[in-house]
Amino acid sequence: DEAVLRADGLVDFLGRRDRQLKLRGHRIEPGEVETALLEHPGVQRAFVEVVAERRASAGLACKRCGVTSDVPGVTIREDGICDVCAAYAQYRERVLDYFRTMDDLQVILDEARERSAGTHDVLLLLSGGKDSSYALVRLVQAGARVLTATLDNGYISQSAIANIERVTGELGVEHVFLSTPHMNAIFRDSLERHANVCQGCFKTIYTLGTELAQERGISVIVTGLSRGQMFETRLSPALFEGRSVEPAAIDKMVLDARKAYHRADDGTNRILKPRIFEDEKVFEEIRYVDFYRYCDVSLEEMMATLDAAVPWVRPADTGRSTNCLINDVGIWVHRRKAGFHNYALPYSWDVRLGHKTRAEAVDELNDEIDPQKVRDIVAEIGYEDPELELEPGAPRLVGYVVGDVEVREIRPWLEERVPPAAIPTYFERLEELPLTANGKLDRAALPQPSTSRRSKESTYSAPTGPREETLARLWALALRLPRVGRDDNYFDLGGESMAALQIVAKAADEGLAFTAAELFETQTVATLARVVREVETAKPAPKEGPGVGLARLAPVARQQLASALAKRKRPT
């Protein structure tokens, strides 16, 4: 304590001199933590501070799509429309040109029947939800011989299982459950990397589904993702912005990204150890088809069709946005780590693309989640994270260090030297601590730590040179991170195929050409910068013509696009 003795004998208390902090009921001495950090041979300087995360207010919502301003990269303009909706109006026609009709799908189904080596034409990945159930109804009505498969991850709701059994029974189609004993490890990895459980489940069902299709001689796998989910997991708005690209070229880019995605050395692949994607032949034998690329249907019409055709009932034991009980864990974690609902973006795209109304999308995002059920499931799968009890934006203890040390080394070092409550939630390695003109620590200049756990154990090294700086900026934009270092691993940051497509497209706009496969192979900004090729950027195509700036496209798409344009006798 620091005080001043007055002439009259009284004492004026000035405050504490030791910077003692009180955080969530614990008294913490930052000086003790800093001393422990400085004892590490690789740490030269250290500073510990309580930081309240700065988040955008969720009170602002787009009048058109309903997305809120707490979603990174979203800004609500003065007219109440988000910048994403405003930009979409400029390339809407190019997006709509990518989608096809049910007649086009019928051609694919007929070809699948001709190629079928067994009793089924297509494999439908059936979640038990309304989207995939509706897709099943329409496929059967189209005359397809459908095999349905569901990932049994241990947490499918009983209502969803009942729906699957009733619907497949009513339509007379065969159904199988796919499973792996490694789901808990996949959940933990997905929560760690992506702050949700969906990414891990998606890759698992695609892997197991492809193995099943190959085993049964099926050449087409159909997914029931909504158009908004397609934009979130398959496409990227960047593919359509400022350019006029043939759908065939986009398909080629998506396929190349899928190949790289399935071969990537990420957490799920390390757990499942699939071998099916090692041979390029599997991508020639099996085609992936998104049903809602061919079917344009409103939620109202979808529900009316289900009511008339099959005994489908909205699940009563889980939220509207899911048929899987563990998905509540993903929503809970994502809200706390990323600060927003992980379905906010795909649902906003459902609205823009006409799959849902704004009211329907907002309504499906407002389900209540039982915190105790979340804690129970977190304990069951063995996922540990003290942040789960913290509200988004709550103060966190942050440790800033300077020196030649890996951040992942610091936590175990401190665990042996300070109480658990005194271990920082985030660690940030800096080149130097920022100083004021008087040589004192500039607290205001300290970087804001990311809210995502995926950045906690990484060492930040600033990008060097124009190429690395451009790539780091584009990675941060696509992955919704405050910054990306030159040595950060793409997969450890939560990267996946859709973000890769966005990075490839945006980089092409800035004169840097590379493929999604090259991004997945190099995995860091520093190594990717050594393989990118500089190309001449082209101006956007004029609105009245179909011209295409070939230099703006990723190299993997150019040859096919030029060929397609030549056949149509259009100017390139």
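This passage describes the overall make-up of a predicted protein model and then several of its local features.

Residues are numbered from 1 along each chain as its sequence is written, and side-chain values use heavy atoms, with hydrogens and water left out. Because the model is predicted, local features need pLDDT of at least 70 and side-chain atom pairs count only at pLDDT 80 or more, while totals for chains, interfaces and linings use all residues.

The protein contains 23 helices and 14 strands. These elements are DSSP runs numbered from the N terminus, helices being H or I runs of at least four residues and strands E runs of at least two. Of the 572 residues, 56% count as buried, a class defined by a relative accessible area under 20%, with exposed meaning over 50% and partly exposed lying in between (1.4 Å probe, protein chains only). The protein exposes about 25,400 Å², of which carbon and sulfur atoms supply 48%; accessible areas come from the Shrake-Rupley method with a 1.4 Å probe, and for residues only the protein chains shown count as cover. Contacts (heavy atoms within 4.5 Å) often link distant parts of the sequence: among those between residues at least 6 apart, 71% join residues at least 24 apart.

One such region involves strand β11 (residues 395-403), in which L397 lies. L397 is buried, with a relative accessible area of 2%. Beyond residues up to four places away in sequence, L397 touches twelve residues listed here in part, including L21, L23, I28, V50 and Y426. I28 is 369 residues from L397 in sequence, yet their C-alpha atoms are 9.7 Å apart in space. V50, which belongs to strand β5 (residues 43-52), counts as partly exposed at 27% relative accessibility. When neighbours within four places are left aside, V50 is in contact with L21, L23, P395, R396 and L397. The C-alpha atoms of V50 and P395 are 6.2 Å apart, although 345 residues separate the two in sequence.

Helices α4 (residues 130-141) and α5 (residues 158-171) have axes that come within 11 Å and cross at roughly 5°. Helix α4 is therefore roughly parallel to α5. Axes are lines fitted to C-alpha atoms, for helices over the stretch in contact, and angles run from 0 to 180 degrees between N-to-C directions; those under 35 degrees count as roughly parallel, over 145 as roughly antiparallel, 65 to 115 as roughly perpendicular and the rest as oblique. In this pairing, L136, V137 and V140 of α4 meet V167, T168 and L171 of α5. By class, the contact has 5 nonpolar residues, 1 polar residue and no charged residues. Ala, Val, Leu, Ile, Met, Phe, Trp, Tyr, Cys and Pro count as nonpolar, Asp, Glu, Lys and Arg as charged, and the others, Gly among them, as polar.

Helix α9 (residues 247-263) is largely enclosed by the rest of the structure, because 12 of its 17 residues are buried. Among them are I250, M253, D256, R258 and K259. The end C-alpha atoms of α9 are 24 Å apart, which agrees with the expected span of 24 Å, given by 1.5 Å times one less than the number of residues.

Two loop residues have unusual backbone angles. Most residues other than glycine have a negative phi. A195, in the loop between α6 (183-194) and α7 (198-216), has a positive phi of about 60° and is buried at 5% relative accessible area. Q523, in the loop between α21 (516-522) and α22 (525-529), has a positive phi of about 75° and is buried at 15%.
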